[in-house]
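Me: I'd like to go through this model with you, mostly the ligand site and then a few spots elsewhere. Can you take my questions one at a time?

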Amino acid sequence: MHFVALVGTNADQSYNRQLLAYMQRHFKQQAKITICDISNIPLFREGAKIPVNVQQLADAITATDGLIIATPEYDHSIPAALKSVLEWLSCEIHPLEKKPIMIVGASLGIQGTSRAQQNLRQILDAPGVNAIVMPGDEFMLSFATKAFDEQGDLKDAQTIQFLESCFNDYVQFCTKVNGEGSVKMKTSQRQPVKWASAYDVVVLGFGAVGATAARFAADNGAKVLLADAAPDGHEGGNTRYAGQVVLTGHDYNKTKAYFKQLFGSIDIDEEILDTYVKGISNMPAYFKQYLEIEEPVSYNKVHRDPDFEAFANGLSPEYPEFDGSDAIDLTTVHDGYFDASLWKTLRAQVTKRPKQIDIWLSSPAKHLIQNTDTGVIEGVQIERNGQLVNIQARNGVVMAMGGFENNPEYIQNFIGVPKLKVIGTLYNKGDGISMAQEVGAKFWHMKSFEGYGFNTSFTFENPEEQRGKFILAAWPELSHGSIFIAADDGSRYVREDENGRHGHAYEHGSWHNPTVYNHPHLIFDQTQYDKIKAQSKLPYPDFFKITIKAASLAELAAKIDADPETLKQTVNQFNQFAEQGTDFALGRAGDSLAAFGDGPFYATPLATAMLNTQGGAQRNAKAEVLDAAGQPIPHLYSAGEFGGINANQYNGGGNLAECLIFGKIAGENAAAVKTDSLITTTETAPIADLGRNDLDGENVLSQFEVGPDQYLGVSEAGIGGQIVVRVTYSNGTLSEVEVLKESESEDVGQQAMAELPQTMVAANTYDVDGVSGASSSSRALKSAVKNALSKVKATV
Ligand SMILES: Cc1cc2nc3c(=O)[nH]c(=O)nc-3n(C[C@H](O)[C@H](O)[C@H](O)COP(=O)(O)OP(=O)(O)OC[C@H]3O[C@@H](n4cnc5c(N)ncnc54)[C@H](O)[C@@H]3O)c2cc1C
């Protein structure tokens, strides 16, 4: 709605003007309020030509839904200036005729404009004026000098609450007085959006949050579109690559105390923290009730003391020294990690609702479509089959687009580091940030990110466009002996033997992401080289391929672009520490130090590994996205990594917990039918078929051909979704296994796809040993071949 608000005085300083300015800001999600001053309007003179500014005021009143008048009280009445304006507006022209009016007033004393308001009601009721004043609801602000704070906002909560109640009544009053017709007429003044299709809810991003929000929106009666930028088999975002552990707290109060310490000096809204901690405390029940996991696995019960008393270092808890840490646990869908088990469970909850949820892959969202009058998010512009289409969202849009890990510019601008190595998905490019910026969202936690890797948080440097190798296994040869990590200039900067906490290093009392350098290196001597070489299987097989050798430290420094003098001094100092048995610079354990021998020397290029960023649009406990003033942007929701709650010290499992908790809230709230919406009809533009559901399994096999003695099989159990195989089988012999469709992970998953078909043919059965480290992909492939072979039996 749009209202004109009249300042009922011509005084330079006016608390009534201040009150209207406050209302303009405070109610901006509900209505646009245009404040009009009367100080330049001349005194009314019967018979005189209507002044231009009076006519402009009259036109503005006519074009809007109602008029708010803020009047002071002068001598038990309204000011003469206001009376004069009302006379202009009721003599030759009559813009107030049948106009719904709200009266408010601010005064210095206790009476709060009561008499002036009565007086104004009488005037507005006069036959020539004929306005319709809202009955009851007299908003009077007494002692106005003390009512506002420095920003001009009302201070007293009860006063604000009463004003809100009066204003809500007024909005409804206007709808009744004006009728539906006038509101519709106003929206039609906007350029109508050409909608290509309409849904109740549009969810952007198909990771943990997208899957959860889509499913809960569907369960609340919504027809949902779930769109992801990644192609078939690559949906799943970081969720698919995650360890699959979900943070759990066995005691609400203890868990909350623990989280308060994790946040440390970073303020967090109490309501959102409560919602998060309550959700974390109920996680096993959530798994049972919503994910149909009969026996969720408690990490502590399976791997630690069954009484939850003894804890080792690790993720459960990651900060054992904090109060409440004994309540911290992790929940998984089974006793296994890094196998996409949670992701596959969440994905299945979506694919088993094909009637309610359409899935579009390779379909990046580009812009939100906002009604500029009301601020309501009415839909999304999505790139689909090479064209930009406008998709209407009748009740809500959920932004579930993950972080900005693959956007080097954002990494530099928001986190303030030269670069970070992506370990998870390559499709999170921070698109949500520019989309949310366009509709006025507020941002938070932009600097926060989580790392993981050997030593504090390292992986090996490789070409920019490739994912970094996730080195999870302990590799003590890289932190014990004649070896250290050098920054760009050749000096040491991290304690190499520190067990980093999600990429955080201990620094003056709390844990922080260490400085990220452009080209850090492992530096070591021949003895250490031999020790590493002696290992039977390296966690990073290419280690020696990328390692640089030099006869002297000066030559090594030149090869890695470090300062030769600094590198020499660093080695000298390191050797002194080794002899003294104490690392005076960084506190590395004395027995982990060994002095460097004479050359040759070696350097291996490293990169700081990043799991995920946390920054994005700020949300509240209802998963509503907030604008710059902290008010919800109507119909816009978000959850998960796009604006993650975790801003400081982080406990593993906290991200996926957040996705499940707030994904559910976002989906439910987005599905709720909205009464503030002006969206009524859908205009369908004549465009090509957009397709309905890219993951509809029914027809997938019909895309592939079969020859004599050939059979197709499919499995949904792959980390990258469907695996389709074609087997050739006759006279009891399995002669060929072809993998026709798969999107398993580039590293170990691909190995299973390459090796297992031959193994199966050689063994003449699908039931062979899986490839080590790729058990999930191996299982999925075996299940697809088993599926194909079952058809042989059926036809024989
Ligand atoms: C290796 C690794 C291990 C981890 N282990 C754990 C763990 O065990 N426990 C834990 O709690 N956390 C873990 N995390 C973090 C956790 O995985 C993420 O925080 C979480 O998965 C984020 O879920 P999400 O749904 O918000 O985003 P994602 O799962 O990343 O999904 C975002 C989706 O949005 C899509 N998208 C992006 N742009 C667009 C666009 N313009 N239009 C449409 N779609 C778009 C992407 O393609 C993607 O599919 C780990 C992360 C990594 C990388």
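Me: How many residues surround the ligand, and which are the closest?
Reply: First, the ground rules: this is a predicted model, where local features need pLDDT of at least 70 and side-chain atom pairs count only at pLDDT 80 or more, while totals for chains, interfaces and linings use all residues. Residues are numbered from 1 along each chain as its sequence is written, and side-chain values use heavy atoms, leaving out hydrogens and water. A residue is near the ligand if one of its heavy atoms lies within 4 Å of it. That gives 40 residues, the closest being Asp 228, Thr 239, Asn 428, Asp 431 and Leu 656.

Me: Which helices each supply at least two residues of that shell?
Reply: Helices here are DSSP runs of H or I with at least four residues, strands are E runs of at least two, and both are numbered from the N terminus. The ones you want are α6 (208–219), α7 (237–241) and α19 (654–671).

Me: How do the shell residues divide into nonpolar, polar and charged?
Reply: Ala, Val, Leu, Ile, Met, Phe, Trp, Tyr, Cys and Pro count as nonpolar, Asp, Glu, Lys and Arg as charged, and the others, Gly among them, as polar. On that scheme, the shell has 21 nonpolar, 16 polar and three charged residues.

Me: What percentage of the ligand's accessible area does the protein cover?
Reply: Start with the backbone: a polar atom of Val 209 sits 3.0 Å from a ligand oxygen, and one of Gly 243 is 2.9 Å from a ligand nitrogen. Leu 656 also puts a backbone N or O atom 2.7 Å from a ligand oxygen. On its own the ligand has 1,000 Å² of accessible area (Shrake-Rupley, 1.4 Å probe), and the protein covers 98%.

Me: Is Thr 64 buried or exposed?
Reply: Thr 64 belongs to the loop between α2 (52–63) and β3 (66–70). Buried means under 20% relative accessible area, exposed over 50%, and partly exposed in between, with a 1.4 Å probe and protein chains only. Thr 64 has 7%, so it is buried.

Me: Which backbone oxygen does the side chain of Thr 64 reach?
Reply: The distance is 3.2 Å. The partner is the backbone oxygen of Ile 61.

Me: What is the relative accessibility of Leu 472?
Reply: Leu 472 is placed in the loop between β19 (458–460) and β20 (483–486). It counts as partly exposed because its relative accessibility is 40%.

Me: Where does Ala 754 lie?
Reply: Ala 754 is partly exposed, at 48% relative accessibility. Its C-alpha is 9.7 Å from that of Glu 738, 16 residues apart along the chain. Ala 754 lies in helix α20 (residues 748–763).

Conventions
A polar contact is a pair of N or O atoms within 3.5 Å; within protein, one must be able to donate a hydrogen and the other to accept it, and residues adjacent in sequence count only if both atoms are side-chain atoms.
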